[in-house]
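Student: I should like to go through this model and ask, for each term applied to it, what justifies the term.

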Amino acid sequence: MARMTVGQAIVKFLDNQWISQDGKKIKFVEGIFTLFGHGNVCGLGEALDENPGALRVYQGRNEQGMCHAAIGFAKQHNRKKIIACTSSIGPGAANMVTAAALATANNLPLLVFTGDTFATRQPDPVLQQIEQPSNLSITTSDAFKPVTRYWDRVYRPEQLMTALLSAMRVLTDPAETGGVCISLPQDVQGESYDFPDYFFAERVHSIRRQEPDSELLEKAAELIAKSKKPLVICGGGVRYSNAGNELRKFCEQYTIPFAETQAGKGVIPSSTALNLGGLGVTGNLAANIIAKDADLVIGVGTRFTDFTTASKFLFQNKAVQFLSINVSAYHALKMDGTGIIGDALVCIKKLQKLLKKIGYKSAYKKEITEAKHLWDAEMQRLAAIRYSNTMEPLVKARTKSSLKDFVKATGGTITQTSAIALIRKTIEPNAVIVGASGSLPGDLQRMWTTDSVDSYNVEYGYSCMGYEIAAAFGTKLAKPDLPVYSMVGDGAFIMLHSELVTARQEGAKIIILLFDNCGFGCINNLQMSQGMASLATEFRFRNEASGKQDGALIPIDYAMIAKGYGLSSYTAKTYEELEDALKKAKKDTQSVLIDIKVLPKTMTDGYEAWWHVGIAETSNSKSVQNAYKNRITHLDSARKY
């Protein structure tokens with residue numbers, strides 16, 4: 001027996017958790033992010049101060065931000081390492097709810113310990129407590145229940161043991177992993193108990209490779225054998241199973257082209273001949289052309305989100321069938337197809353053997369190379385776009401302002417697509433890029449190419465503004481020897497960039513590429529493409545004459561903000577300035593921010609995909625009426641479920 005507080009027991013337990021896969025043993029919990037308040041500083045905080053063991057203690061600046069950093073860290077380690085997070089009660093805990101939702105939506109392990117009100121209720125209402133007269137057991141921590149895979153509250157020290165073991169079960173389960181919340185009443189954190197020694201023994205959690213059902217495998221092989229134009233979708237499950245190389249060999253052996261989801265991008269080299277690139281709403285022309293005619297769609301480790309399927313509109317072949325390989329039964333059975341529940345690596349290997357016996361080959365001839373040639377030409381066009389007066393009519397048709405307004409406000413003349421092309425050409429081939437929101441994930445899924453495996457860390461399951469910089473910091477902690485770039489819009493930067501200070505504190509160099517287009521450009525595009533006017537999506541002063549926010553654009557010097565934090569910073573208004581800043585950033589020894597003034601409305605577009613959004617059925621606006629008709633037309637061509 002070992003007598004210790006609940007806080008001390010948590011620290012000792014976490015320090016002894018390991019995972020094992022394919023014979024390799026890895027320490028699972030690297031450390032813990034902290035933001036202390038009265039709800040956790042004297043309990044869990046005391047334990048970390050007294051004896052953190054081998055756990056590294058990190059000082060967060062914003063609870064959501066530090067959790068995003070932990071998620072970026074876990075993703076870059078392909079879910080095989082985590083950093084836990086702890087907050088106080090009330091607003092500190094509430095700040096972590098968004099990050100827990102992000103982790104759950106993306107099936108990424110995140111362990112949070114929220115401080116909570118007193119189990120004894122003696123000081124009720126304690127500072128920051130929410131009082132619900134109908135149920136005094138409800139606290140802020142209950143808000144985590146809808147957004148986590150596992151939630152628990154430890155009212156007594158004895159309960160800690162089953163709570164932590166259940167947390168580890170979920171965090172290390174490939175099918176169920178996501179956000180995990182353990183709520184810790186602040187008095188219970190300091191209570192002592194005689195914990196059995198075996199609770200703290202080194203525990204190795206095996207990441208199992210689930211074997212598929214042999215009958216379903218046979219059925220899958222038959223489906224593939226009957227198909228002439230199959231298409232593989234490479235999802236995040238391929239990455240987390242380390243199955244990229246096996247999937248590439250599978251596709252090459254049977255001449256099956258494959259496309260990438262956001263989570264599956266970067267798993268297989270972009271230069272692979274059968275790699276079509278990004279698919280769906282944020283996909284490119286090549287992948288979407290092939291998808292339209294595919295007679296069998298083979299999803300490997302994908303959740304078939306609306307962006308992947310273009311709201312179930314993308315696959316237009318009337319005879320198309322669906323085959324899904326996934327560790328999750330829920331995801332495997334989507335699209336009303338044949339679902340194989342199993343590990344991606346294991347399933348692909350077994351399917352390969354079955355198809356080899358059949359001697360299968362797809363019926364593709366020139367379609368793949370022709371589609372890729374079309375996209376290559378489009379890529380060259382996107383990279384070459386430069387500011388000119390001929391762009392004005394297009395922009396005026398989509399927004400109230402002209403590009404001249406932007407140039408006058410910021411001095412910037414760079415187009416977004418050409419900036420991305422220049423960045424890809426200039427930065428290191430093995431650089432890891434991090435992103436999440438706005439128009440950048442679409443441009444990156446289409447335009448970004450890399451042969452460096454697992455160098456694309458773009459979160460799009462929750463598309464959470466504020467992930468970009470914090471997760472870049474977490475990614476750098478995971479891969480300190482690799483260059484890490486955060487690709488972030490001005491709107492997301494304003495929303496959350498607090499962990500820049502933590503990155504500086506830890507000596508973790510990240511390079512922030514901030515795309516400033518004076519607003520929430522992506523949503524501005526959406527509202528205007530659906531017939532609306534520009535409303536509260538551009539950063540403009542209020543016009544006293546009209547009473548609306550349609551005055552002049554608000555110029556912001558983001559480089560000056562970064563300089564105030566102690567970072568190196570540059571402003572790029574021209575291509576020459578951008579290239580020069582990128583080269584200098586590579587040589588800098590500390591974190592860098594490059595404030596890139598990019599012209600609005602210069603991002604990529606749809607490429608034969610469609611996204612289903614709610615549009616007003618009744619409106620006085622003719623353009624909104626037309627958008628609604630267009631929605632109904634596309635719905636008629638989309639699958640219903």
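Tutor: The discussion below concerns a predicted model and takes up its domains, one interface and some local features.

Student: How do you know where the domains of the protein begin and end?

Tutor: The bounds come from an automatic or database domain assignment. That assignment gives domain 1 (2-206), domain 2 (214-374), domain 3 (385-597) and domain 4 (611-640).

Student: Which UniProt features does the record place along the chain, and what makes up each span?

Tutor: The UniProt entry, which is unreviewed, places "domain: Thiamine pyrophosphate enzyme N-terminal TPP-binding" at residues 29-130. That span is 33% helix and 23% strand, with its end C-alpha atoms 32 Å apart. The record also places "domain: Thiamine pyrophosphate enzyme central" at residues 217-351, a span of 38% helix and 20% strand whose end C-alpha atoms lie 7 Å apart. Finally, UniProt gives "domain: Thiamine pyrophosphate enzyme TPP-binding" at residues 438-596; here the chain is 39% helix and 16% strand, and 15 Å separates the end C-alpha atoms.

Student: What makes domain 2 and domain 3 partners in a contact, if their C-alpha centres lie 32 Å apart?

Tutor: The distance of 32 Å is between C-alpha centres, whereas contact is judged on heavy atoms within 4.5 Å. By that criterion, 18 residues from domain 2 and 16 residues from domain 3 take part.

Student: How much area do domain 2 and domain 3 bury between them, and which residues of domain 2 lose the most area?

Tutor: The two domains bury about 1500 Å², 45% of it on carbon and sulfur atoms. On the side of domain 2, the most area is lost by Arg239, Gln262 and Lys265, together 41% of what that side buries.

Student: Why is the pair Arg239 and Asp454 called a salt bridge?

Tutor: The term requires a side-chain nitrogen of Lys or Arg within 4 Å of a carboxyl oxygen of Asp or Glu. The side chains of Arg239 and Asp454 meet at 3.6 Å, N to O, so the pair satisfies the 4 Å limit. Across the interface of domain 2 and domain 3 the rule finds one salt bridge, and the structure holds 24.

Student: How many residue pairs are in polar contact across that interface, and how do the residues on the side of domain 2 divide?

Tutor: The rule finds 14 residue pairs in polar contact. The residues of domain 2 that touch domain 3 divide into five nonpolar, nine polar and four charged.

Student: What makes Glu246 and Lys249 a salt bridge, and how are the two placed in helix H10?

Tutor: Their side chains meet at 3.7 Å, N to O, and the limit is 4 Å, so the name applies. Because Glu246 and Lys249 are three residues apart in helix H10 (residues 244-254), about one helical turn separates them.

Student: What is notable about the backbone at Asn242, and where does that residue lie?

Tutor: Phi of Asn242 is near 55°, a positive value in a residue other than glycine. Asn242 is placed in the loop between helix H9 (236-240) and H10.

Student: How do you know whether the peptide bond from Asp124 to Pro125 is cis or trans?

Tutor: Its omega is near -5°, and the bond is cis. Pro125 sits in the loop between strand S7 (110-116) and strand S8 (150-153).

Conventions
Residues are numbered from 1 along each chain as its sequence is written. This is a predicted model: local features need pLDDT of at least 70, side-chain atom pairs count only at pLDDT 80 or more; totals for chains, interfaces and linings use all residues. Side-chain values use heavy atoms; hydrogens and water are left out. Buried area is the accessible area (1.4 Å probe) that two parts lose on being put together, summed over both. A polar contact is a pair of N or O atoms within 3.5 Å; within protein, one must be able to donate a hydrogen and the other to accept it, and residues adjacent in sequence count only if both atoms are side-chain atoms. Ala, Val, Leu, Ile, Met, Phe, Trp, Tyr, Cys and Pro count as nonpolar, Asp, Glu, Lys and Arg as charged, and the others, Gly among them, as polar. UniProt positions are given in the numbering used here, feature names are shortened, and annotations may be inferred rather than shown by experiment. Helices (H or I, at least four residues) and strands (E, at least two) are DSSP runs, numbered from the N terminus.
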